[in-house]
Amino acid sequence: MGLPGSLWRRLPLLCLAWVLCIGAGMAATDGPIRLQIVGGLAGITQFNKLEKPFWEKEIAERSGGRIAATIKSFDAGGLRGQEMLQLMRLGVVPFGTVLLSIASGDDPELNAVDLPVLNPDMKTLRRTLGLFREHLGTVLRTRYGIELLAVYAYPAQVLYCDKPFTGLDDLAGRKVRTSSIAQFELMTALNAVPVVVPFAEMTNALRDGVVDCAITGTLSGYEIGLPNVTTHVHAMAISWGLSFFGANLAAWKALPPDVQEIIRTGVADLEQRIWRQAEADTERGLACNTGKVACAGPPERPMTLVPTSRSDEARRTHLLREVVLPRWIERCGEGCVKAWNTYFAPTLAIEAKAK
């Protein structure tokens, strides 16, 4: 599988940096095994309160000092999210976190579990991941040489807008910030104007009128100040921003089996905490945005919550069947038709058809 030209140009320096930082540490025999972890998005609850303490302190305690780790978020460590899958495949990043929506640019099948409007709530999301998780691990191992260790969930990604709206059909003509190909296609189907804007630039894009609405997390949107530049927030999850945490297979196999087990068990516990936090943060984010609870740095004005209506639910189902799934199949091919019909169709009663 080919690499982007920009990645090829940066690869020698990236390889040198990571080999010096990681390779020597993993090979050491006279001290703890030292791991450099690339984590999720910087500056938000999952990284600051869960991932960072786990790797910087808890893993050493769990291993009795055999493992020492440091962690950087991928977006604050000089790495582009679009490069992470390939950097892990190459072993340049031995342990890393990859946003599935971004990785779907390389391989659309990876984001099957978090297609837009597939999972309107956390209960549905848990069920969907359960149907697909084993297959996701197989895909990562066989195609990319990556051992799947965890799947993380961010709080629900919902719609924020700077003017009133009552549901999905009111988005026609509005410029909407999106963060994935599938979200882009969804907004197009709603006759909105999708605009790709990085997370870090979203608040300014709304303030400056580059976009009228944005899809992002309920709590992360609050934390970056969206209540100060938007007025209405929708209750229905568009998607969830799932990511996977894994290890380059060669790096993983180089670890002693008991160390592997410590990491696997610890990361499984971390995953459960992250999911509980994502569920709680989804509700807390909506409550903070609308001024229902006292949160740090209260918004200048409480936002208006737009509830999920019956027409929204009917529209969601129609969009999934007629737009989201067919467009995903167009990008993904017959292999994804087989995967969907094997793992999802029996439960969801929605069959994928080859074009």
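This report describes two sheets and several helices of a predicted model.

**The five-stranded sheet**

One sheet is open and has five strands, in the order β2-β1-β3-β10-β4. Its pairing is mixed. In general, strands of a sheet pair through backbone hydrogen bonds, and the pairing is either parallel or antiparallel. The edges of this sheet are formed by β2 (67-73) and β4 (146-152). Each of these two strands has a single partner strand, so one side of each is left without a neighbour in the sheet. On average, neighbouring strands here are turned by 20° against each other, direction ignored.

The pairing at one edge can be followed residue by residue. Strand β1 (residues 33-39) runs parallel to its partner β2, and seven bridges join the two. Within this pair, I37 is placed opposite I71 of β2.

Two helices lie across this sheet. Helix α5 (residues 122-144) lies across β4 and β10 (243-248), and its direction makes an angle of about 150° with β4. Helix α10 (residues 257-289) lies across β1, β2, β4 and β10. The angle between α10 and β4 is about 25°.

**The six-stranded sheet**

Another open sheet has six strands, in the order β7-β6-β8-β5-β9-β11, again with mixed pairing. Its edge strands are β7 and β11 (304-306), each of which pairs on one side only. From one strand to the next, the twist averages 30°.

How much of strand β8 (residues 213-217) is buried? Five of its five residues are buried, so β8 is largely enclosed by the rest of the structure. Strand β5 (residues 157-161) pairs with β8 in the antiparallel sense, over five bridges. In that pairing, Y160 has A214 of β8 as its bridge partner. Strand β6 also pairs with β8, but in the parallel sense and over two bridges. Here V176 has C213 of β8 as its bridge partner, and R177 stands opposite A214 of β8. A214 is thus named both as the bridge partner of Y160 and as the residue opposite R177.

T178 belongs to strand β6 (residues 175-178). Is T178 buried or exposed? Its relative accessibility is 0%, and buried means under 20%, so T178 counts as buried. Which residues does T178 touch, apart from its neighbours within four places in sequence? The contacts are Q183, F184, M187, P194, V195, V196, V197 and I215.

**Helix α6 and its surroundings**

The buried residues in α6 are A182, Q183, E185, L186 and M187. They pack against β5, β6, β7 (193-196), β8 and α11. Just after α6, N191 has a positive phi of about 65°.

**Two helix pairs**

Two packed helices are described by the angle between their axes and the distance between the axes. The table gives these values for two pairs that involve α11.

| Helix pair | Angle | Axes |
|---|---|---|
| α6 (residues 181-189) and α11 (residues 310-332) | about 130° | 10 Å apart |
| α11 and α12 (residues 334-343) | roughly 135° | within 7 Å |

Angles from 115 to 145 degrees fall in the oblique class, and α6 and α11 are therefore oblique to each other. The crossing of α6 past α11 is right-handed. On the α6 side, the contact is made by I181, A182, E185, L186 and A189. On the α11 side, it is made by R315, L319, V323, V324, R327 and R331. By class, this contact has seven nonpolar, no polar and four charged residues. A182, E185 and L186 of α6 appear in the contact and are also buried.

The helices α11 and α12 are likewise oblique to each other. Helix α11 contributes L325, W328, I329 and C332 to their contact, while α12 contributes E334, C336, V337 and W340. The residues of this contact divide into seven nonpolar, no polar and one charged.

Notes:
Residues are numbered from 1 along each chain as its sequence is written. This is a predicted model: local features need pLDDT of at least 70, side-chain atom pairs count only at pLDDT 80 or more; totals for chains, interfaces and linings use all residues. Side-chain values use heavy atoms; hydrogens and water are left out. Two strands pair if DSSP finds at least two bridges between them. Helices (H or I, at least four residues) and strands (E, at least two) are DSSP runs, numbered from the N terminus. Axes are lines fitted to C-alpha atoms, for helices over the stretch in contact, and angles run from 0 to 180 degrees between N-to-C directions. Contact means heavy atoms within 4.5 Å. Buried means under 20% relative accessible area, exposed over 50%, partly exposed in between (1.4 Å probe, protein chains only). Angles under 35 degrees count as roughly parallel, over 145 as roughly antiparallel, 65 to 115 as roughly perpendicular and the rest as oblique. A crossing is left-handed if the near helix is turned anticlockwise from the far one by less than a right angle, and right-handed if clockwise. Ala, Val, Leu, Ile, Met, Phe, Trp, Tyr, Cys and Pro count as nonpolar, Asp, Glu, Lys and Arg as charged, and the others, Gly among them, as polar.
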